[in-house]
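Dear colleague,

I am passing on the structure we spoke about, and below it you will find an account of what came out of going through it. Please read the text with the structure open beside you.

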Amino acid sequence: MTVATGKVPATVITGFLGAGKTTLVRHVLENAGGKRLALIVNEFGTQGVDGEIVRGCGISSCPEENIVELANGCLCCTVADEFLPAMEALLDRPEPPHHIIIETSGLALPKPLLKAFDWPSIRSRVTVDGVIAVVDGPAVAEGRFADNPDAVDAQRRADDNLDHDNPLEEVYEDQLNAADLIVLNKADLLDHAKLDALKAEIAANIPRAVKVIPARQGQIDPAILLGLGAAAEDDLSARPSHHDSVDGEHEHDDFDSFVIDIAEIDDPAPLLSRLKAAAEAHDILRIKGFVGVAGKPLRLLIQGVGSRFSHHYDRPWSPTEPRDGKIVIIAQSGFDRPAIEAMVIGG
C-alpha cells in the first residue's frame, strides 16, 4: 500500500506475443524483497501456459493461491465479468497483497484495462503504479510489426482509397503508447548499433518521454519496475490508442489459437525441428508450451517467436501429474490448422 494514497499499487505488464513478459514477471516475483505480491495472468486462448510457468515454482513472495489466471480472451474485453471480481477477491483477503502485478495477453490493448481502474469499487483501493511494455528487440528490428514502408507507400500511391490496416502494428503501438517504462528485451541478440537505432526509433514514435531500458531475459531490478507512482488511471489522455475514436472497442478476430496435445517424447530435437518448420511454413506468431521427456524428472518448457526457439527444463513433474505435454499455437486467423498439427505431431 502506498503511503501517499493508502491504495494498493498495481503494475500492468504489457507487450506483444513472445516479448518475454512472463520471464520478466517471474524475475520480479523471485526478487521481490519480502513484498507480498499477487499476480493476475491473462492469456489468449482457452489453454493457459504462462500461469503454469509461474505456478508451482515455489516462489515464496507469490504463492500459488495469489496467482489468478484469466484465460480465454483479452483482459481488456472481460473487465466487468472477470477482471474486477478477481481484483476485489484479492483486496478482500485478510492479508491483501502489498502489490498486484497484472500480465496481459500479448494481444490485449492496455488502455481499456486502465479505464477499469476508474470503476468505483476499485478506484478507491488501487492505483496503477505503472505500465511496463516489454518489447522483443530482435523481432521489432526485423520489422515483425510493421509493413514494408516502401511497399505500403507504393500501394497508397496506386490507390487513394486504400484503407491500410495492420492489426499487429496497432496492438504493438497501443502497448507502447500506454507505457510508463519500456523494456527492450532480448537485447543480447542485437549488436550495439541495432540496439541504439531501435531505442531511438521507439523514442521517436511514442507520444511522451519514456525511458527505454535494454534487458536480457527480462532481468531488471524490481526496484526499477515497481514504485513508479505513475497513477496511470489519472492521465489516460496522455496514452493515445488507435481505438480511442470507438471508445476502446476492438476486435480480436484477426487472431486465433489452438492447443496440440503431445505425448511424452524420447528426444526434444525432432519436436523442436518440426515446430520451427511449422512456424516458418505457416507464419505462426507464437508457440509455447511444455512436454515430458522420457527419463527426465523435469518438465521441458518450449518458447517460440517466429522461427526463434528456446527451451529448458523448468520444474519437476509432481508424482500425480500426467506427463502429457501441451503446445499452444497462436497465429493470424485463416491458418491451416490440420496442416500445422500434422507438421508438429509428425509421422
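Strand 5 is the element that gives the most to the lining of the largest cavity, contributing 4 residues. This cavity, in what is a predicted model, has a volume of about 60 Å³, and of the 12 residues that line it, those closest to its centre are Gly15, Phe16, Val134, Val135 and Tyr172. Two elements, strand 5 and helix 8 (167-177), give two or more residues to that lining. In total, the count comes to 3 cavities of 30 Å³ or more.

Strand 5 belongs to the parallel sheet, and that is a convenient place to continue. The sheet is open and consists of 7 strands in the order 3-2-4-1-5-6-7, with parallel pairing. Its edges are formed by strand 3 (67-70) and strand 7 (211-214), each of which pairs on one side only, and from one strand to the next the twist averages 20°. Within this sheet, strand 5 (residues 126-136) and strand 6 (residues 181-185) are paired in the parallel sense over 5 bridges, and Val135, one of the residues closest to the centre of the largest cavity, has leucine 184 in strand 6 as its bridge partner.

Two helices can be placed against these strands. Helix 1 (residues 21-30) lies across strand 1 (8-15), strand 2 (37-42), strand 4 (99-103), strand 5 and strand 6, and runs at about 165° to strand 4. Helix 9 (residues 192-204) also packs on the sheet, where it touches strand 5, strand 6 and strand 7, and its direction makes about 150° with that of strand 6.

The other sheet to look at is antiparallel. Here 5 strands form an open sheet in the order 8-12-9-10-11, with strand 8 (255-262) and strand 11 (308-316) as the edge strands, each pairing on one side only. Neighbouring strands of this sheet are turned by 15° against each other on average, if direction is ignored. Helix 12 (residues 337-345) packs on this sheet and touches strand 8 and strand 12, its direction making about 35° with that of strand 8.

Which strands does strand 12 stand between in the order of the sheet? In that order, strand 12 stands between strand 8 and strand 9, and it runs antiparallel to strand 8, to which it is joined by 8 bridges, while 5 bridges join strand 12 (residues 325-332) to strand 9 (residues 286-291), again with the two strands antiparallel. Isoleucine 327 of strand 12 is the bridge partner of isoleucine 260 and also that of glycine 289, whereas isoleucine 330 of strand 12 stands opposite arginine 286. Strand 12 is mostly covered, with 6 of its 8 residues buried.

Finally, some totals for the protein. It has 12 helices and 12 strands, and of its 347 residues 51% count as buried. Among contacts with a separation of 6 or more, 79% come from residues that are 24 or more positions apart. The protein exposes about 15500 Å², of which carbon and sulfur atoms supply 49%.

With best regards

Terms used. Residues numbered from 1 in each chain as written. Predicted model: local features only at pLDDT ≥ 70, side-chain atom pairs only at ≥ 80, totals over all residues. Heavy atoms only, no water. Pairing = 2+ DSSP bridges. Axes fitted to C-alpha atoms, helices over the stretch in contact; angles between N-to-C directions. Contact = heavy atoms within 4.5 Å. Buried < 20%, exposed > 50% of the residue type's maximum accessible area, 1.4 Å probe, protein only. Areas by Shrake-Rupley, 256 points an atom, 1.4 Å probe, with all protein chains shown as cover. 1 Å grid on protein atoms, 1.4 Å probe; cavity = no way out; pocket = protein on both sides within 12 Å on 5 of 7 lines; lining within 4 Å. Points joined across faces, edges and corners; volume = space filled by probe spheres on them.
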